[in-house]
Amino acid sequence: KQWYQRRVAITAGGIPIFILFLYHSYNLGFYKKIDYGYNMRFNICIATIHHSLLLGWGLWNWSHRPHIKKAVWVIVLSTMAVLLELGDFPPIWGVFDAHALWHAATIPITKIWWDFIVEDCVYEYLRYKRKVV
């Protein structure tokens with residue numbers, strides 16, 4: 001019964017997010033000119049919500065999931081990387097602008113996030129295996 005309630009809760013939470021995504025895509029895709037300011041505000045809002053939820057989940061699970069520290073690092077580093085995207089400045093040496101540096105900053109963040117996902121999957125698998133055996 002518990003797995004069913006969890007599945008219903010996830011679905012009930014996911015449907016409004018999916019509708020919001022469709023609305024956002026519609027706003028960006030069916031106008032002749034993409035509103036860059038709207039897109040940035042929307043993405044910052046979604047990232048803030050995501051980071052807040054992930055941080056709350058991380059603090060809740062801090063004591064028994066040692067790999068949570070990687071998720072917290074992703075939050076900190078991606079927040080710092082967004083400052084490059086928001087702080088548009090002239091290119092350094094005429095080559096590296098804020099957007100290029102933002103892309104470069106996301107490379108190590110992706111590796112840390114991948115490591116977290118793999119370790120969390122292993123953790124969940126081992127936890128499941130202990131319950132079954």
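Trainee: What radius of gyration does the protein chain have, and what would a compact globule of 133 residues have?

Mentor: The protein chain comes out at 19 Å, whereas a compact globule of 133 residues would be near 14 Å. Keep in mind that this is a predicted model.

Trainee: And the box that the C-alpha atoms fill, what are its dimensions?

Mentor: Roughly 60 × 35 × 20 Å, taken along the principal axes.

Trainee: What's in there, helices or strands, and how many?

Mentor: Four helices and zero strands. From the N terminus on, the elements run α-α-α-α.

Trainee: How much of the chain counts as buried?

Mentor: That's 19% of the 133 residues. The accessible surface comes to about 10,600 Å², and 73% of that belongs to carbon and sulfur atoms.

Trainee: What about contacts, what share join residues at least 24 apart?

Mentor: It's 48%, counted among contacts between residues at least 6 apart in sequence.

Trainee: Switching to pockets. What's the volume of the largest pocket?

Mentor: About 750 Å³.

Trainee: Which residues lie nearest its centre?

Mentor: Ile 10, Ile 17, His 50, Leu 53 and Trp 57, out of 23 lining residues.

Trainee: Which element gives the most to that lining?

Mentor: H1 does, with eight residues. H1, helix H2 (36–60) and helix H4 (98–132) each supply at least two residues.

Trainee: How does the lining of the largest pocket split by class?

Mentor: You get 15 nonpolar, three polar and five charged residues.

Trainee: OK, and the second largest pocket, what volume does that have?

Mentor: About 610 Å³. The elements giving two or more residues to its lining are H2, helix H3 (68–86) and H4.

Trainee: Which residues sit nearest the centre of that second one?

Mentor: Ala 47, His 51, Ser 78, Val 82 and Trp 102 lie nearest the centre, and the lining has 23 residues.

Trainee: How do the residues of that lining divide by class?

Mentor: Into 13 nonpolar, nine polar and one charged.

Trainee: Let's do single residues. Where's Trp 93?

Mentor: Trp 93 is in the loop between H3 and H4.

Trainee: Buried or exposed?

Mentor: Trp 93 counts as exposed, because its relative accessible area is 74% and the cut-off for exposed is over 50%.

Trainee: What's the phi of Trp 93?

Mentor: Near 55°, so a positive value in a residue other than glycine. As background, most residues other than glycine have a negative phi.

Trainee: Who else is in that loop between H3 and H4?

Mentor: Asp 97, for one, is found there. Asp 97 counts as partly exposed, at 27% relative accessibility.

Trainee: Which residues is Asp 97 in contact with, leaving aside its neighbours within four places in sequence?

Mentor: Phe 89 and Pro 91. If you want a distance too, the C-alpha atoms of Asp 97 and Leu 86 are separated by 12 Å, with their positions 11 residues apart along the chain.

Trainee: Another Trp now. Where is Trp 60?

Mentor: Trp 60 is in helix H2, and it's exposed, with a relative accessible area of 71%.

Trainee: How far apart in space are Trp 60 and Leu 77?

Mentor: They're 21 Å apart, C-alpha to C-alpha, and 17 residues apart in sequence.

Trainee: Back to H1. Why does Thr 11 count as partly exposed?

Mentor: Thr 11 sits in helix H1 (residues 2–29). Its relative accessible area is 41%, and partly exposed covers what falls between the 20% and 50% cut-offs, so Thr 11 fits there.

Trainee: And how far in space is Thr 11 from Tyr 125?

Mentor: Thr 11 and Tyr 125 are 22 Å apart, C-alpha to C-alpha, with a separation of 114 residues in sequence.

Trainee: Last one, Lys 131. Which helix is that in?

Mentor: Lys 131 is in helix H4. At 65% relative accessibility, Lys 131 counts as exposed.

Trainee: What separates the C-alpha atoms of Lys 131 and Pro 90?

Mentor: A distance of 56 Å, for two residues that are 41 apart along the chain.

Definitions and conventions
Residues are numbered from 1 along each chain as its sequence is written. This is a predicted model: local features need pLDDT of at least 70, side-chain atom pairs count only at pLDDT 80 or more; totals for chains, interfaces and linings use all residues. Side-chain values use heavy atoms; hydrogens and water are left out. Buried means under 20% relative accessible area, exposed over 50%, partly exposed in between (1.4 Å probe, protein chains only). On a 1 Å grid over the protein atoms alone, a cavity is a set of points where a 1.4 Å probe fits but cannot get out, and a pocket is an open set with protein on both sides within 12 Å along at least five of seven lines; lining residues have an atom within 4 Å of a point. Grid points are joined across faces, edges and corners, and a volume is the space filled by probe spheres set on the points. Ala, Val, Leu, Ile, Met, Phe, Trp, Tyr, Cys and Pro count as nonpolar, Asp, Glu, Lys and Arg as charged, and the others, Gly among them, as polar. The radius of gyration is taken over C-alpha atoms; the globule rule is 2.2 Å times the number of residues to the power 0.38. Contact means heavy atoms within 4.5 Å. Accessible areas come from the Shrake-Rupley method with a 1.4 Å probe; for residues, only the protein chains shown count as cover.
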